[in-house]
Amino acid sequence: SQIAPSYFTGPRSIHVYWSPVSDVALNGILLGYRLNYQQEGKTATTENVTAGTNITLSNLEVYTSYVISVAAFTVAGSGPVATVIQRTGEGAPEAPSSLQPAFVNTTQVFLTWMEPRIKNGLLVGYVIYVTGKQPATTNETNFLVESLKPGTKYNASVAAFTTHGRGPESNTIIFLTEKEVVITNSPPTTESRSQTSMLITSSNKPASLFNVTFHVPTTNTTT
């Protein structure tokens, strides 16, 4: 018999069909067809088909190639084998790993991550989720998030997707944008001693008001 082009019916199944053996080539009473399928380098699984010339193989690995062979058999044994190689369909990928903020400033964060260990197909891209922002997409393993608020805590996660669909999100990370630093100066006095107030803030300490006194040396003039 000959195996016609088989096709996958989903990420975990393949439908196989073949032409029947002619009575001339049968050389006996047909008992059925013996079908073997296996991944390369792994043990074969056998299915005996006693009615019809097709079968759906289920519970297969996602986006994986299988070697499929079929042969008619009688009480005397199996006849010539026909073979085809078919891959199951794509599925959703696993979650990306190692999501982290490579750098953070007052209004931006640069996120990086590792691609999924099991892709289950050809990766099309990634979806980035950040609190208060619309989801964004990229086909790289990094992304610059902009227009954030200074001194604000955000959650972020990322998910990969194939043509089949989106996979699960990565672990959520929390990052804090830096606070703005504001410096204000009061007008200097005409005296030899002037005092300036400066409001200083940082990402690590609350705002503080410092009084800084500058002493201007006087110059003696002689006539």
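Is Arg-117 buried or exposed? I looked that up before anything else: Arg-117 has 69% relative accessibility, so it counts as exposed. The cut-offs I use are under 20% relative accessible area for buried, over 50% for exposed and partly exposed in between, with a 1.4 Å probe and protein chains only.

**Ground rules**

I'm working on a predicted model, where local features need pLDDT of at least 70, side-chain atom pairs count only at pLDDT 80 or more, and totals for chains, interfaces and linings use all residues. Residues are numbered from 1 along each chain as its sequence is written, and side-chain values use heavy atoms, with hydrogens and water left out.

**Salt bridges**

I searched for a side-chain nitrogen of Lys or Arg within 4 Å of a carboxyl oxygen of Asp or Glu, which is what salt bridge means here. The search gave two salt bridges.

One joins Arg-117 to Glu-94, with 3.8 Å between the closest N and O atoms. I then checked where the two sit: Arg-117 is in the loop between β10 and β11 (125-130), and Glu-94 is in the loop between β8 and β9, so the pair ties together parts that are 23 residues apart in sequence. Glu-94 counts as partly exposed because its relative accessibility is 29%.

Lys-119 and Glu-115 make a salt bridge too, with the closest N and O atoms 3.1 Å apart. Lys-119 is partly exposed at 29% relative accessibility, and Glu-115 is partly exposed at 41%.

A note on labels: strands (E, at least two residues) and helices (H or I, at least four) are DSSP runs, numbered from the N terminus.

**The β9-β10-β13 sheet**

Next I traced an open sheet of three strands, in the order β9-β10-β13, with antiparallel pairing. Two strands pair if DSSP finds at least two bridges between them. Which strands stand at the edges? They are β9 (97-104) and β13 (142-145); each has a single partner strand, so one side of each is left without a neighbour in the sheet. From one strand to the next, the twist averages 20°; axes are lines fitted to C-alpha atoms, and angles run from 0 to 180 degrees between N-to-C directions.

I went through the pairings one at a time. β9 and β10 run antiparallel and are joined by five bridges, and they form a hairpin with four residues between them. Gln-100 has Thr-112 in β10 as its bridge partner.

On the other side, β10 (residues 109-114) pairs with β13 over four bridges, again antiparallel. Val-109 is opposite Val-145 in β13, and Phe-110 has Leu-144 in β13 as its bridge partner.

**Nonpolar cores**

I looked for sets of buried Ala, Val, Leu, Ile, Met, Phe, Trp, Tyr and Cys residues joined through side-chain atoms within 4.5 Å, which is the rule for a nonpolar core. The largest has 18 residues, and those with the most contacts inside it are Val-16, Trp-18, Leu-35, Leu-57 and Ile-68. The elements giving two or more residues to this core are β2 (13-17), β3 (32-38), β5 (54-57), β6 (65-74) and β8 (82-87). β6 gives the most, with four residues.

There is also a second, separate core of 15 residues, with Trp-113, Leu-148, Ala-160 and Ile-173 among them.

**A surface patch**

Ile-29, Leu-31 and Val-75 form a nonpolar patch on the surface, and their accessible area together is about 350 Å². Leu-31 is in the loop between α1 (23-26) and β3, and counts as partly exposed at 39% relative accessibility. For patches, residues need over 30% relative accessible area and no salt bridge; like charges are joined within 9 Å, and nonpolar side chains (Val, Leu, Ile, Met, Phe, Trp, Tyr) within 5 Å. Accessible areas come from the Shrake-Rupley method with a 1.4 Å probe.

**Two serines and a contact**

Most residues other than glycine have a negative phi. So I noted Ser-98, which has a positive phi of about 60° although it is not a glycine; its place is in strand β9. Ser-147 also has a positive phi of about 60°. Ser-147 is in the loop between β13 and β14 (153-161), and is exposed at a relative accessible area of 63%.

How many residues apart along the chain are Glu-178 and Asn-105? They are 73 residues apart, yet their C-alpha atoms are separated by 5.2 Å. Glu-178 is in the loop between β16 (173-176) and β17 (193-200), and is partly exposed at 36% relative accessibility.
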